[in-house]
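Subject: Handing over the structure

Hello,

Here is the structure I promised to pass on to you. Please have a look at it first, and then read on for my notes.

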Amino acid sequence: MFERLALMKRLFAGVLILTMLAFLAGCGGPEGQRGRAGKGAGRSDVTDAALKTYVPPGDLDEYYLFYSGGHSGQVFVAGVPSMRHISTIPVFSPYPGTGYGFDNETKEMLGDYTWGDSHHPGFSETDGEYDGRWLFINDNAQGRIARIDLRDFKTKQIMTIPHISANHGSSFVTPNTEYITMATRMSVPFPEGTYADITEYARKYKGVIAGIKVDPENGHMSLAWEVLMPPFNYDLGDAGKGVSDGWLFWTCYNSEREFIEGGKLEVTASQKDKDFMIMLNWREAEKAIAAGKFKTYKGAKVIDPAKAPGVVYFVGLAKSPHGVDVSPSGQWIIGSGKLSPTTTVFNFEKILKAIENEDFEDTVDGIPVVTYESVREAEIPVGLGPLHTQFDNRGNAYTSLFIESAIVKWKLPPYAPGDAADAKKMEKYVLEKIPVAYNIGHLVTAEGDSRSPDGNYMVALNKLSKGRHISVGPSIPESAQLIDISGDKMKLLYDAFTEPEPHYALMIKADKIKTIEVYKKDEWPANKNAIWTPEETSVKRNGRNVTVKMIAVRSFFAPDVIRVNQGDRVTVHLTNIEQTRDELHGFAINAYNINIVADPGETKSVTFKANKPGVYAFYCTNFCSALHQEMQGYLLVKPKG
Ligand code: RUQ
Ligand code: CUA
């Protein structure tokens, strides 16, 4: 039986791939041709598109687009509608351009790691609206999450928590930033570090969902609770809002709970018709913790849902789902099964009622499964490979279709009575499709995860952009396509190309972000090693430790000569005493792999062992004035003996 099923799945997967290839072949135009605007897939009205995206020199963009950099470990920033990439925020990977990962503070934050897989940015929110304070981003490679401060666009905290082996189900933010989430993508034996053979997968391997508390004053993240889950793969999520405030949602795949050696997860995890959507009541999780219904493992307070009823529920969802998205009102929860041509709309009011009436169809590891038929509002025939859904301000939803390489626009409920029961009748609620180039993953609309999306711009994040740019070799750049959704018809406006590899993006009104211009003397962030005058500079020895307090200002370092002995442990605290915006200074000694950069008013520290004797020049890396080339000095390392 299983063999036959497996074969069918394989055939189905084959058909999917063929369909995908057919679409690709249909889309791919001749490469390297100029002037093909208006031809082929993804055409646009050139004049209209140019007028809507051209931001003349000196003018500013209306929105920031923050898009994740995948396994580059970074977050990229672009302006919308120009789509110009304006900044890179290093998060999980060192970035020599800003000295990130070279100074003591960021080195410590990165720990032993030199990369991560940044996936889903989430803005801090106040009352369900983006408030422009922080951006959170998860690491899909590990149980880590980071916070970026939007006053200076810098990563301020990277948090690692135990028991989550790959944090994909993250970083979804609740309406008042009470929590951000984490969830296991690839289950491992619990607790972390336990050894159990893969044959014990179903029993000993576990998934974990975590609630990360955010300090409303300073954004500091701390682990509040974890919930032990069956060994599924927890995928994407979203936070409830409005009527669903207080709840968190995730999709999962491999609810078959097996990993068969050599069995191909793509096959074994596609056996059942439905996987699950997870619904977690975080206020109930808080109560369970307060009532002591948890056990502590490696410092984490872990709730077993079988012993804390009311915290977690499941509901069936079309198989191998990816995205789950909560509508602006919070009432409609939209889940998409990658292998289903429909997307499912759940009615959260019905979910609450079903939970209240204990209208359950099953129980899995003590977690009740809400009866699907009781809570499903409708299934929308959106098309092939639905992944993610975003929203506008006119009651429409936009779902990315990976296999069709398109975005489909459809109407959110309410629907005419009786229509939802008849698949044919639902077709009229599917309003329009726009092809994208080509296979789309995520999409984002302006302020699309907030309670009040703006309904003007949408960006499609595509996996490849064959034939859309001059060739750069075997790897085809990812594309980000800007689409105008303000009218009745979606209109393609602009193709931009991105570094590997965006998984999600967020778009926020530019005026919501209030950046600082310089780190003001004696103001945030206070650094105990800061000095502000040449008189305070020093080179002090304490045994084998040498501490240098140095200033950088146009266009010199003081001191400009550092004398140490071979084997000394040297710490340089460099303060850039400039109070003029964009007057950055670097401090670099390549032989010692030192490359730190201090923004105006900032102090950075670097510690190294002076184990190579000789004379090493140091210099300022950032062009700072006409005499920038002269901004240099010497490190003299006197040989032993
Ligand atoms: S995921 S598309 Cu994290 Cu959708 Cu990659
Ligand atoms: Cu300072 Cu160049």
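A definition to begin with: rings of Phe, Tyr and Trp (its six-membered ring) are paired if their centres lie within 6.5 Å, and a pair is stacked with planes under 30 degrees apart, edge-to-face over 60, and tilted for the rest. A note on the source too: this is a predicted model, in which local features need pLDDT of at least 70 and side-chain atom pairs count only at pLDDT 80 or more, while totals for chains, interfaces and linings use all residues. Residues are numbered from 1 along each chain as its sequence is written, chains are lettered from A and ligands numbered from 1 in the order in which they are written, and side-chain values use heavy atoms, with hydrogens and water left out.

**Aromatic rings**

By that ring rule, the count is 27 aromatic pairs. One of them joins Tyr-179 and Trp-225, which is tilted because the ring centres are 5.5 Å apart and the planes stand at 50°. Tyr-179 belongs to strand β8 (residues 179–183) and Trp-225 to strand β11 (residues 221–229), so this pair ties together parts that are 46 residues apart in sequence. Helices (H or I, at least four residues) and strands (E, at least two) are DSSP runs here, numbered from the N terminus. Tyr-179 is buried at 2% relative accessible area, and Trp-225 is buried at 1%. For these labels, buried means under 20% relative accessible area, exposed over 50%, and partly exposed in between (1.4 Å probe, protein chains only).

Phe-232 and Phe-314 form another tilted pair, with ring centres 5.8 Å apart and planes at 40°. This pair links distant parts of the chain, 82 residues apart: Phe-232 is in the loop between β11 and β12, and Phe-314 is in strand β17 (residues 312–318). Both Phe-232 and Phe-314 are buried.

Which residues do ring pairs link into a cluster? They are Tyr-64, Phe-66, Phe-123, Tyr-130 and Phe-153. Phe-153 is worth a second look, as this residue has a positive phi of about 55° although it is not a glycine. Phe-153 sits in the loop between β6 (144–149) and β7 (154–160) and is buried, with a relative accessible area of 15%.

Two lysines also sit over rings, where the rule asks for NZ of Lys or CZ of Arg within 6 Å of the ring centre and within 35 degrees of the ring normal. The charged end of Lys-274 is over the ring of Tyr-372, 4.3 Å from its centre, and Lys-338 lies over the face of Tyr-253, at 4.9 Å from the ring centre.

**Backbone**

Most residues other than glycine have a negative phi, and most peptide bonds are trans. Besides Phe-153, Arg-257 has a positive phi, of about 45°, although it is not a glycine; Arg-257 is in the loop between β13 (247–253) and α5 (265–268).

The peptide bond from Pro-413 to Pro-414 is cis, with omega near 10°, and Pro-414 lies in the loop between β26 (406–411) and α9 (423–426). The bond from Arg-554 to Ser-555 is cis as well, with omega near -15°. Ser-555 is in the loop between β34 (545–553) and β35 (556–558).

**Ligand and cavity**

Around ligand 1 (a heavy atom within 4 Å of it) are His-119, His-120, His-168, Leu-236, His-322, His-388, His-442, Lys-463 and His-503. By class, this shell has one nonpolar, seven polar and one charged residues. Ala, Val, Leu, Ile, Met, Phe, Trp, Tyr, Cys and Pro count as nonpolar, Asp, Glu, Lys and Arg as charged, and the others, Gly among them, as polar.

The largest cavity (on a 1 Å grid over the protein atoms alone, a set of points where a 1.4 Å probe fits but cannot get out, with lining residues having an atom within 4 Å of a point) is lined by 25 residues, of which Phe-172, Gly-237, Asp-238, Asp-449 and Tyr-504 lie nearest its centre. Two or more lining residues come from each of β4 (122–126), β12 (233–239) and β18 (321–326), and β12 gives the largest share, four residues. The lining has eleven nonpolar, nine polar and five charged residues.

Best wishes

Terms used. On a 1 Å grid over the protein atoms alone, a cavity is a set of points where a 1.4 Å probe fits but cannot get out, and a pocket is an open set with protein on both sides within 12 Å along at least five of seven lines; lining residues have an atom within 4 Å of a point.
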